[in-house]
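This report is a first walk through one protein model, for a reader who has not met it before. Please look over the sequence and the structure shown here before reading on.

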Amino acid sequence: MKKIGFIGTGVMGSSIVKHLLKAGYPVNIYNRTKSKTDELVSLGAAWVENPAAVTEKSDIVFTIVGYPKDVEETYFGEKGIFQAATADHILVDMTTSTPSLALKIYEAGKEKGISVLDAPVSGGDLGAQKGTLTIMVGGDEAAYAKAEPIFEVFSSKVNLQGSAGKGQHTKMANQIMIAGTMTGMTELLVYADAAELNLDKVLDTVGGGSANNWSLTNYGPRILREDFSPGFFVKHFVKDLKIALDEAKKLGIELPSTALAEQLYEKLEKNGHGEDGTQAFIKLWWPEGKRPIK
């Protein structure tokens with residue numbers, strides 16, 4: 001079996017690595033905070049000291065880090081992936097990043113004969129835990145064909161969207177949709193509460209009709225349990241929406257609803273909730289994360 005390198009073992013990465021280990025793949029891991037890899041090492045993963053060293057020991061290298069600047073450092077830094085990658089490697093960035101950076105990494109790989117894919121994911125922490133992520137891939141068909149069996153270990157849907165950067169563009173489309181469902185789901189709860197409805201019954205009822213969506217099903221109950229643990233960080237969603245709006249500007253289009261969602265989520269982050277999950281959006285109306293006492 002191919003030796004896998006995995007860089008970034010946060011909320012998403014740690015669950016993905018567990019699926020790879022369970023499937024029998026040897027996995028070399030690196031994370032800036034080493035303690036976050038302890039459980040994975042106990043399960044059989046091998047800790048390696050930096051991205052270049054991970055690459056030396058692996059056939060295919062996956063990355064899922066925080067921000068575009070982190071992606072840049074991971075690939076192009078002094079101890080980055082490109083310091084060790086050769087034509088035998090396949091490099092896969094699953095971070096939600098910019099299409100332009102995906103293209104830059106692809107072109108840098110192409111110069112050295114290295115296969116590169118941009119493959120951001122959707123499905124949150126639950127999708128990662130269950131192995132049912134959706135993967136949106138940009139890059140060459142030959143590289144995709146080689147990576148696809150590994151993608152299938154931790155996903156329920158994976159598609160090649162087109163050339164380098166198209167995976168990231170598809171993820172932006174995904175985040176635009178989520179911005180709408182999160183604002184709609186939250187305002188539904190605020191309205192229903194103001195109207196003194198039973199919120200559990202409301203979620204059960206509208207979830208059985210045309211208003212049903214992933215955010216309602218997965219995040220509505222978390223809000224009612226006052227569970228704001230991150231399936232996806234507020235700070236990362238702000239980053240994503242800024243990327244989407246920047247790309248929209250380059251494409252010559254306006255996205256007013258997405259722009260409003262970005263402003264509201266940025267306000268939430270400035271209020272100190274950047275480390276919460278995106279369902280903490282409700283805190284703009286319920287500051288304590290609890291329904292107001294009437």
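## Met94 and the core around it

A place to begin in this predicted model is Met94, which, leaving aside its neighbours within four places in sequence, is in contact with Phe6, Ile16, Phe62, Thr63, Ile64, Ala119, Pro120, Val121 and Phe154. Met94 is also among the residues with the most contacts inside the largest nonpolar core, a list that further holds Phe6, Phe62, Phe151 and Phe154, and this core has 32 residues. The elements that give two or more residues to this core are the strands β1 (4–7), β2 (27–30), β4 (60–63), β5 (90–93) and β8 (133–138), together with the helices α1 (11–22) and α7 (141–151).

A second core, separate from the largest one, has 24 residues, and Met185, Ala192, Phe237 and Leu268 are included in it. As a general background to both, nonpolar side chains in soluble globular proteins tend to be buried together.

## Strand β5 and its partners

Strand β5 is covered on both of its faces, since Ile90 and Val92 on one side are buried, and Leu91 and Asp93 on the other side are buried as well. This arrangement can be read against a general pattern. In a regular strand the side chains alternate between the two faces of the sheet.

On the side of β4, four bridges join the two strands, which run parallel, and Val61 has Leu91 of β5 as its bridge partner. Between these strands the chain crosses from β4 through helix α4 (residues 68–76) to β5, in a β-α-β crossover that is right-handed. Strand β5 is likewise joined by four bridges to strand β6 (residues 115–118), and this pair runs parallel; here Asp93 is matched with Asp118 in β6 as its bridge partner. The path from β5 to β6 leads through helix α5 (residues 99–111), and this β-α-β crossover is right-handed.

## Salt bridges

A search of the whole structure finds 13 salt bridges. One of them joins the side chains of Asp125 and Arg222, at 3.1 Å from N to O. Because Asp125 lies in helix α6 (residues 124–130) and Arg222 in helix α10, this pair ties together parts that are 97 residues apart in sequence. Both Asp125 and Arg222 are buried.

Another salt bridge is formed by Glu275 with Lys235, whose closest N and O atoms are 2.8 Å apart. Glu275 lies in the segment after α12 (256–273) and Lys235 in helix α11, so this pair ties together parts that are 40 residues apart in sequence. Lys235 is partly exposed, with a relative accessible area of 22%. In a further salt bridge the side chains of Asp240 and Lys239 meet at 2.9 Å, N to O; Asp240 counts as buried at 0% relative accessibility, and Lys239 counts as buried at 10%. Arg32, Lys69 and Asp70, in turn, are linked in a network of salt bridges.

## Two loop residues with positive phi

Where in the chain is Glu196 placed? Glu196 lies in the loop between α8 (166–194) and α9 (199–206), and Glu196 has a positive phi of about 60° although it is not a glycine. With 61% relative accessibility, Glu196 counts as exposed.

Glu226 also has a positive phi of about 60°, again without being a glycine, and its place is in the loop between α10 (214–224) and α11 (234–251). The relative accessible area of Glu226 is 40%, so this residue is partly exposed.

How values were computed. Residues are numbered from 1 along each chain as its sequence is written. This is a predicted model: local features need pLDDT of at least 70, side-chain atom pairs count only at pLDDT 80 or more; totals for chains, interfaces and linings use all residues. Side-chain values use heavy atoms; hydrogens and water are left out. A nonpolar core is a set of buried Ala, Val, Leu, Ile, Met, Phe, Trp, Tyr and Cys residues joined through side-chain atoms within 4.5 Å. Buried means under 20% relative accessible area, exposed over 50%, partly exposed in between (1.4 Å probe, protein chains only). Contact means heavy atoms within 4.5 Å. Two strands pair if DSSP finds at least two bridges between them. A crossover is right-handed if, with the strands pointing away from the viewer, the path from the first strand over the helix to the second runs clockwise. A salt bridge is a side-chain nitrogen of Lys or Arg within 4 Å of a carboxyl oxygen of Asp or Glu.
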